[in-house]
Amino acid sequence: MSNTSGTGGRPAAPHRAGISDVRTVIGLLVGFYGVVLVIMGIVAESAEDRAKTGDVNANLWAGLAMLIFGVLFVLWAWLRPVIVDPDETEPPPDDNPPPVGGAG
């Protein structure tokens with residue numbers, strides 16, 4: 001198998017996993033839910049809700065914690081990226097291609 005990319009015949013260089021890194025996906029998802037909880041803690045807070053939680057705005061604090069967690073995961077993925085080697089992601093060569101014209 002050659003170590004060249006599909007265009008120009010240049011060798012394929014290792015690259016970052018980017019958005020497909022699981023840490024990025026987890027960080028963005030938890031961060032999104034954190035934003036939703038922060039908004040709900042600010043907008044939809046009632047005295048009845050505070051009475052249930054011992055006079056604590058649970059949505060706001062949980063949302064802030066989730067935002068911090070999400071930001072830390074995205075920073076972790078950005079500062080310590082996963083480097084993908086193109087040789088490991090290419091399929092192995094097919095030594096026995098199927099016959100031309102079908103099975104016969």
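Trainee: Which residues does Arg 23 touch, not counting residues up to four places away in sequence?

Mentor: In this predicted model, Arg 23 touches Phe 73, Trp 76, Ala 77, Arg 80, Pro 81 and Val 82. Arg 23 itself belongs to helix α1, which covers residues 22–43.

Trainee: Why is Arg 23 called buried?

Mentor: Buried means under 20% relative accessible area. Arg 23 has 9% relative accessibility, so the residue counts as buried.

Trainee: And what makes the pairing of Arg 23 with Asp 21 a polar contact?

Mentor: Here the distance helps: the two side chains come to 2.7 Å, and a polar contact needs a pair of N or O atoms within 3.5 Å. The pair therefore meets that distance cut-off.

Trainee: Let's turn to Trp 78. How do you know whether Trp 78 is buried or exposed?

Mentor: Good one to check! Its relative accessible area is 54%, and exposed means over 50%, so Trp 78 is exposed. You will find Trp 78 in helix α3, residues 58–79.

Trainee: Which residues form a nonpolar surface patch with Trp 78?

Mentor: Its partners there are Ile 68, Val 71, Leu 72, Leu 75 and Leu 79. Together with Trp 78 they have about 640 Å² of accessible area.

Trainee: What about the whole protein chain: how many helices and strands does it have?

Mentor: The chain has 4 helices and 2 strands, arranged along the sequence as β-α-α-α-β-α. Of its 104 residues, 16% count as buried. The accessible surface comes to about 7,900 Å², with 67% of that belonging to carbon and sulfur atoms.

How values were computed: Residues are numbered from 1 along each chain as its sequence is written. This is a predicted model: local features need pLDDT of at least 70, side-chain atom pairs count only at pLDDT 80 or more; totals for chains, interfaces and linings use all residues. Side-chain values use heavy atoms; hydrogens and water are left out. Patches are made of residues with over 30% relative accessible area and no salt bridge: like charges are joined within 9 Å, nonpolar side chains (Val, Leu, Ile, Met, Phe, Trp, Tyr) within 5 Å. Accessible areas come from the Shrake-Rupley method with a 1.4 Å probe; for residues, only the protein chains shown count as cover. A salt bridge is a side-chain nitrogen of Lys or Arg within 4 Å of a carboxyl oxygen of Asp or Glu. Buried means under 20% relative accessible area, exposed over 50%, partly exposed in between (1.4 Å probe, protein chains only). A polar contact is a pair of N or O atoms within 3.5 Å; within protein, one must be able to donate a hydrogen and the other to accept it, and residues adjacent in sequence count only if both atoms are side-chain atoms. Contact means heavy atoms within 4.5 Å.
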